[in-house]
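Me: I am new to this structure and would like to know how its descriptions are reached. Please take me through the reasoning.

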Amino acid sequence: MENFDALEILKSYLRYPSVSTDKDFHEGMKGARDFVSELLKNIGFSIELVDTECHPIIFAERFVGEGLPHIVLYGHYDVQPADPLNLWESSPFQPEIRNGRIYGRGSADNKGPTIVHIGALHKVLSEQPDLALNITYVIEGEEEMGSPSMPKFFDRYAERLSKADMMFVSDTGSPTTDQIVITTALRGLVELEIKVKGPKSDLHSGIYGGAVYNPLHALSEIIASLHNKDGSVNIPGFYEGVSQIEQWERDELKRYPMNLSEYKSMLGVPGFYSPRGFTPLEAVRFEPTLEINGMGGGYQGEGTKTIIPSEAFAKITCRLVANQEGDYVQNQVVKAIEDRCPDGVEVEVRRGCFANAYSIIPPNKSESAQCSDFLIDAFSFTDSSISKEFKKSPLYLREGGSIPVIADFKNRAGLDAIMVGLFTPEDNLHAPNESFDIGLMQKATETFANIFRSLGKRK
Ligand SMILES: [Zn+2]
């Protein structure tokens, strides 16, 4: 096998502007897809390009033999748009190295971590070309668009994927470059839009004020009813299935390298508001939420305009935790809103998408873990490899964000995920001057090489 100069390879990968949401970047998408496919081909993978309505999914496989350990890796070759361009210190698609970091759109999310995985595979397969490990690598091109093609992909590929033992994902974060987090849960998501309709057009508030229900008043009342005074969500059944937090999770979080005053100044808030007996750092991981993302209606211009608006709207999303059912929660929220709409106005609720949460209880942390022997070993190899390379044992934490496709891998193909976080807060994901720490990249490559070697020795 040829030499693998990970930094040069990552630079080349970053030069393809693979912005999935913008048609002008079609060539960049193709370039990135071909480039990463070629890397996998060079280390012995066979490549299938799975057609979708938009950007093909790379389904790469290294199959050595029936009955051998089989892992799945997941990543994405698309990136966020680079705007606003004027805030970049170097061009987003002309990668540059400064102060131990490689700068470029996608360097951390998700091209850097992909090169970590491929670099580790290259290393191990150069030493042991017949490594006894079957590997499937799925790299999609629509992650930044919300993975719209993945449901159809699972229709066709879930059965093949279900033959694997588990999966690895590195599309999550860690708090610092030496404190690696293994993410044990991702929140789910429910989207809704409410419209409250009153008179057929805006009305003069002097001539008609007192005769009709103002849609903005009605909407405010509905919205205010969705939470209790203590901040908990006031919707029947909302917390159904939400499990108790185990003590190890709270203990683990105490090792998180950030205190509350740092957190407060990072967020720029005068105080915290965390309901139901959770600290702020706990609440963002352990609790489901209902959030008003936007609200509007009526006159928004300068000065006063004496009207009763004809309609008012609000956008709502809920974050869900493990064991909540996305469609059930969505129905309960819709029902509560409809029930609470006062007479004199009408409410219309548009349902957006929903995604379930994902969670795994790591076997080394709790007796309630239900893992296969293979997964127990995979966790143990991952833990010891991280401890060895980063000189600190990993933290096992739930994450507030959502990667819906991970729950789909579990629900459609039965695969549990070990999520090793390789982003850090300095990486500026989705923002100008995205970068990836080169030291972390090297240590993570060694870590994954150790994991793959150990899995290959497992009989
Ligand atoms: Zn990502």
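Me: Which domains does the domain assignment give for the protein chain?

Reply: This is a predicted model. The assignment gives domain 1 (6–186 + 358–457) and domain 2 (189–248 + 283–355). Their centres, taken over C-alpha atoms, are 37 Å apart.

Me: What makes residues of domain 1 count as in contact with domain 2?

Reply: Two residues are in contact if their C-beta atoms lie within 7 Å. By that test, 11 residues of domain 1 are in contact with 9 residues of domain 2. On the side of domain 1 that touches domain 2, β16 (395–398) and α11 (404–413) are the elements that give two or more residues. By class, that side has 4 nonpolar, 4 polar and 3 charged residues.

Me: Why is the largest nonpolar core said to lie between the domains?

Reply: The core has 118 residues. Domain 1 and domain 2 both give residues to the core, so it lies between them. Those with the most contacts inside the core are Ile71, Val72, Met167, Ile406, Ala417, Ile418 and Phe452.

Me: Which residues is alanine 417 in contact with, leaving aside its neighbours within four places in sequence?

Reply: Alanine 417 is in contact with Met167, Val169, Ile360, Ile406 and Phe409.

Me: Why is asparagine 99 called exposed?

Reply: A residue is exposed if 12 or fewer other C-beta atoms lie within 10 Å of its own. Asparagine 99 has 8 such neighbours, so it counts as exposed. Asparagine 99 lies in the loop between β4 and β5 (101–103).

Me: Why does asparagine 323 count as exposed?

Reply: The cut-off is 12 or fewer. Asparagine 323 has 12 C-beta neighbours inside 10 Å, and therefore counts as exposed. Its place is in the loop between β13 (311–320) and α9 (326–339).

Me: What is the phi of asparagine 99, and what is that of asparagine 323?

Reply: Asparagine 99 has a positive phi of about 50°, and asparagine 323 has a positive phi of about 75°. Neither the one nor the other is a glycine. Most residues other than glycine have a negative phi.

Me: Where are the cis peptide bonds at proline 84 and asparagine 110?

Reply: The bond from aspartate 83 to proline 84 is cis, with omega near -5°. Proline 84 lies in the loop between β3 (70–76) and β4 (96–98). Another cis bond joins aspartate 109 and asparagine 110, with omega about 10°. Asparagine 110 is found in helix α3 (residues 107–127). Most peptide bonds are trans.

Technical notes: Residues are numbered from 1 along each chain as its sequence is written. This is a predicted model: local features need pLDDT of at least 70, side-chain atom pairs count only at pLDDT 80 or more; totals for chains, interfaces and linings use all residues. A nonpolar core is a set of buried Ala, Val, Leu, Ile, Met, Phe, Trp, Tyr and Cys residues joined through C-beta atoms within 7 Å. A residue is buried if 20 or more other C-beta atoms lie within 10 Å of its own, exposed if 12 or fewer, and partly exposed in between; C-beta atoms are placed from the backbone. Domain bounds come from an automatic or database domain assignment. Helices (H or I, at least four residues) and strands (E, at least two) are DSSP runs, numbered from the N terminus. Ala, Val, Leu, Ile, Met, Phe, Trp, Tyr, Cys and Pro count as nonpolar, Asp, Glu, Lys and Arg as charged, and the others, Gly among them, as polar.
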